[in-house]
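This report goes through a protein structure one topic at a time. Please keep the sequence and the 3D view at hand while reading.

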Amino acid sequence: MRPTAKFSLSFGLVTIPVAAYNATDTAASVSFVRIHTADGGRVRNQPVCSLEGTEVSPDEIGRGYRTDDDTIVPLTDDDLDALPLPTARTLTILAFVAGGDIDPLQIGKGYYLGADGPAAAKPYALLRDAMERHRRVGLGKIALHGRETLAMIRPVEDVLVMQVLLWPHQIRPMTGVLPEREVKVAADEVRAAETLMDSFGGLSEEDVHDHYREALEEIVAAKLAHREPEFEAGEEPPAGRVMDLMAALQDSVRAAKRARGEIDEAAETDGSGDGRATGRTATRTAARKTASRKAAAAGKTAQRKPAKATAAGTGTAKAGATAGKKTTAAAKGSGAQKAAGTARKATAAKRATGRGRKAG
């Protein structure tokens with residue numbers, strides 16, 4: 001790799017000459033060109049002088065600074081080199097902080113920093129090892145590409161990496177982003193979300209594969225070969241609004257476990273595994289227990305009522321013996337009717353118990 005810039009990294013009284021290399025490759029990303037839809041011709045951005053209306057060659061293009069009243073002031077490389085800023089040639093580390101103190105919104109492009117020359121190797125390794133053991137990142141300022149910027153230095157394996165940071169005023173406020181009304185989330189919903197987070201595994205090679213670029217290349221190849229593109233069938237993402245948040249979280253946990261093979265689909269279908277079948281089994285069990293408790297209560301009531309009926313029948317029989325045969329017969333008839341009613345209630349209770357067991 002060719003370095004994009006060379007400067008010194010200042011660590012107290014220690015100065016380390018370094019060379020910066022691009023850590024990212026934008027050429028590997030998907031890019032498109034603009035075309036004329038009528039004939040497919042390229043539509044190019046031609047550098048044209050706004051005063052003459054003619055195309056300008058690259059060696060005639062310089063830089064200028066536009067003032068508030070739209071006046072353009074030309075600036076040369078010598079003008080920029082004469083800036084009285086220490087950051088023009090040196091990145092001075094101003095503070096060491098914990099990496100978590102850096103707002104991720106500020107993190108920009110990354111560069112590998114290599115020791116520029118044999119004399120820089122030892123102080124380079126010293127700073128790298130000290131930052132690794134201290135678990136801190138360095139913050140400083142450097143002028144790159146004609147502008148001064150914040151920078152973060154951190155060790156990554158055996159290399160020091162510089163991340164360009166945005167200035168705090170370049171981070172837009174969150175006004176208008178948050179919901180207008182305060183949203184309250186229940187504690188059980190938070191626990192369900194945490195369970196879902198725990199069910200996620202680590203990233204696999206398949207997760208970090210650029211499927212979009214691969215599919216786009218297949219479309220291009222199919223158009224060149226005058227055929228239909230061939231894609232593997234994939235699962236359709238769920239669509240629609242979430243009406244039951246807890247149910248959606250629970251279904252998501254089951255889906256994550258099923259994707260990792262932690263749930264047997266056959267067992268889930270017949271109710272022996274984890275999943276909705278388990279929920280249905282639990283519901284039936286609860287219904288069976290409820291029916292059994294009601295049946296038991298009905299049986300106890302049925303047992304108490306015959307005792308009362310017998311006592312009433314005995315009293316009536318004694319009174320009938322004194323009053324005569326007609327009164328005795330009436331008392332017996334009344335006792336028989338009460339006993340029959342009690343038997344019917346006991347039979348109904350047994351049938352209810354049977355239905356509860358079948359429902360389970």
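Is Arg213 buried, partly exposed or exposed? Arg213 is partly exposed, because its relative accessible area is 30%, a value between the 20% and 50% cut-offs. The model discussed here is predicted.

## A salt bridge within one helix

Arg213 does not stand alone: its side chain meets that of Glu217 in a salt bridge, with 3.3 Å from N to O. Both residues belong to helix α4, which covers residues 211–224. They are four residues apart, or about one turn of the helix. Glu217 has a relative accessibility of 44%, so Glu217 also counts as partly exposed.

Side chains of opposite charge can pair when their charged atoms come close. In this model the count of salt bridges comes to six.

## Two further salt bridges

Asp77 and Arg63 form another of these pairs, and their closest N and O atoms are 2.6 Å apart. This pair links distant parts of the chain: Asp77 is in helix α1, whereas Arg63 is in strand β3 (residues 63–66), 14 residues apart. Arg63 counts as partly exposed because its relative accessibility is 42%.

Glu218 pairs with Arg227, and here the closest N and O atoms are 2.8 Å apart. Is Glu218 buried or exposed? Glu218 is buried, because its relative accessible area is 19% and the cut-off for buried is under 20%. Its partner Arg227 is partly exposed, with a relative accessible area of 36%.

## The largest pocket

How much space lies in the largest pocket? The answer is about 460 Å³. The pocket is lined by 19 residues, and the closest to its centre are Asp81, Ala88, Ala143, His145 and Gly146.

Several elements contribute to the lining. At least two residues come from each of β1 (5–11), α1 (77–81), β7 (137–144) and β8 (147–156). Sorted by class, the lining has nine nonpolar, seven charged and three polar residues.

## A nonpolar patch on the surface

Which residues make the nonpolar surface patch of about 310 Å²? They are Met1, Tyr112 and Val159.

Val159 has its place in strand β9, which spans residues 159–165. With a relative accessible area of 30%, Val159 is partly exposed.

## Two loop residues with positive phi

Most residues other than glycine have a negative phi. Asp70 has a positive value, with phi near 65°. Asp70 lies in the loop between β3 and β4 (72–75). Asp70 counts as exposed because its relative accessibility is 55%, and the cut-off for exposed is over 50%.

Glu157 is also not a glycine and has a positive phi, near 55°. Where does Glu157 lie? Glu157 is in the loop between β8 and β9. The relative accessible area of Glu157 is 72%, so this residue is exposed.

## Elements to locate in the view

Some elements come up under two topics. Helix α1 holds Asp77 of the salt bridge with Arg63, and α1 also supplies at least two residues of the pocket lining. Strand β8 likewise supplies at least two lining residues, and the loop between β8 and β9 holds Glu157. Strand β9 in turn contains Val159, one of the residues of the nonpolar patch.

Note on methods: Residues numbered from 1 in each chain as written. Predicted model: local features only at pLDDT ≥ 70, side-chain atom pairs only at ≥ 80, totals over all residues. Heavy atoms only, no water. Patch = residues over 30% accessible without salt bridge, like charges linked within 9 Å, V, L, I, M, F, W, Y side chains within 5 Å. Areas by Shrake-Rupley, 256 points an atom, 1.4 Å probe, with all protein chains shown as cover. Salt bridge = Lys/Arg side-chain N within 4 Å of Asp/Glu carboxyl O. Buried < 20%, exposed > 50% of the residue type's maximum accessible area, 1.4 Å probe, protein only. 1 Å grid on protein atoms, 1.4 Å probe; cavity = no way out; pocket = protein on both sides within 12 Å on 5 of 7 lines; lining within 4 Å. Points joined across faces, edges and corners; volume = space filled by probe spheres on them. Nonpolar A, V, L, I, M, F, W, Y, C, P; charged D, E, K, R; others polar.
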